[in-house]
Amino acid sequence: MSRLPCRLAALGQVSALGRARADVFERLVAGDSSRLTLNENLVPERSLWLGEVHDALPQIPAALARFACRNNQLALAALESI
């Protein structure tokens, strides 16, 4: 059985590098690690560098208030960038 190729028509992303494509690219190419923090609480006896999104995130619409959480705000931010 052959399958048709799958292609991405649009891609939205949100990461510790930022939300805007230009910001992400600039920080990635520059090797900018300023948005990483050292965390010692996740793994016993080990420190890990973690990235966290600090950019403002969109609010979940009132009609969808029962789904309001940070994960859904991150998903909505990625969707908005498409």
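**Entry 1: Arg27**

I began with Arg27 and set aside its neighbours within four places in sequence; the residues in contact with Arg27 are then Leu17, Gly18, Asp32 and Arg35. I noted that Arg27 is found in helix H1. I should record here that the model I am reading is predicted.

I then asked whether Arg27 is buried or exposed. Arg27 is buried, and yet Arg27 has no salt bridge. The nearest side chain of opposite charge belongs to Asp32, and I found it 4.0 Å away.

**Entry 2: confidence**

I looked up the confidence of the prediction before going further. The protein averages a pLDDT of 92, and 100% of the residues score at least 70. Which element has the lowest mean pLDDT, and which the highest? Helix H1 has the lowest, with 92, whereas helix H2, residues 70-80, has the highest, with 95. I kept a general caution in mind: where pLDDT is low, the predicted coordinates should not be read in detail.

**Entry 3: salt bridges**

How many salt bridges does the count come to? I recorded two salt bridges.

One of them joins Arg19 to Glu80, and the closest N and O atoms are 3.5 Å apart. This pair links distant parts of the chain, since Arg19 is in the segment before H1 and Glu80 is in helix H2, 61 residues apart. I checked the accessibility of both partners. Arg19 is partly exposed, with a relative accessible area of 24%, and Glu80 is also partly exposed, with 47%.

Asp55 forms a salt bridge with Arg35, and here the closest N and O atoms are 3.3 Å apart. Asp55 lies in the loop between E2 and H2 and Arg35 in the loop between H1 and E1, so this salt bridge ties together parts that are 20 residues apart in sequence. Asp55 is partly exposed, with a relative accessible area of 23%. I noted that Arg35 had already appeared in my first entry, as a contact of Arg27.

**Entry 4: strands E1 and E2**

I turned to the strands next. Strand E1 covers residues 36-43 and strand E2 covers residues 46-51. The two strands run antiparallel, and five bridges join them. I then looked for residues that stand opposite each other. Thr37 stands opposite Leu50 in E2, and Asn39 stands opposite Leu48 in E2. For reading such strands I recalled a general rule: in a regular strand the side chains alternate between the two faces of the sheet.

**Entry 5: Glu45**

Where does Glu45 lie? I found Glu45 in the loop between E1 and E2. The hairpin of these strands has two residues between the strands. Glu45 has a positive phi of about 60°, although Glu45 is not a glycine. I marked this value because most residues other than glycine have a negative phi. At 87% relative accessibility, Glu45 counts as exposed.

**Entry 6: Gly12**

I closed with Gly12, whose place is in the segment before helix H1, residues 21-30. Which residues does Gly12 touch, not counting residues up to four places away in sequence? They are Ala78, Ser81 and Ile82. I also looked up the C-alpha atoms of Gly12 and Ile82: they are separated by 5.1 Å, although the two residues are 70 residues apart along the chain.

Notes: Residues numbered from 1 in each chain as written. Predicted model: local features only at pLDDT ≥ 70, side-chain atom pairs only at ≥ 80, totals over all residues. Heavy atoms only, no water. Pairing = 2+ DSSP bridges. Helix = DSSP H or I, 4+ residues; strand = E, 2+ residues; numbered from the N terminus. Contact = heavy atoms within 4.5 Å. pLDDT = per-residue confidence, 0-100. Buried < 20%, exposed > 50% of the residue type's maximum accessible area, 1.4 Å probe, protein only. Lys, Arg positive; Asp, Glu negative; His and termini not counted.
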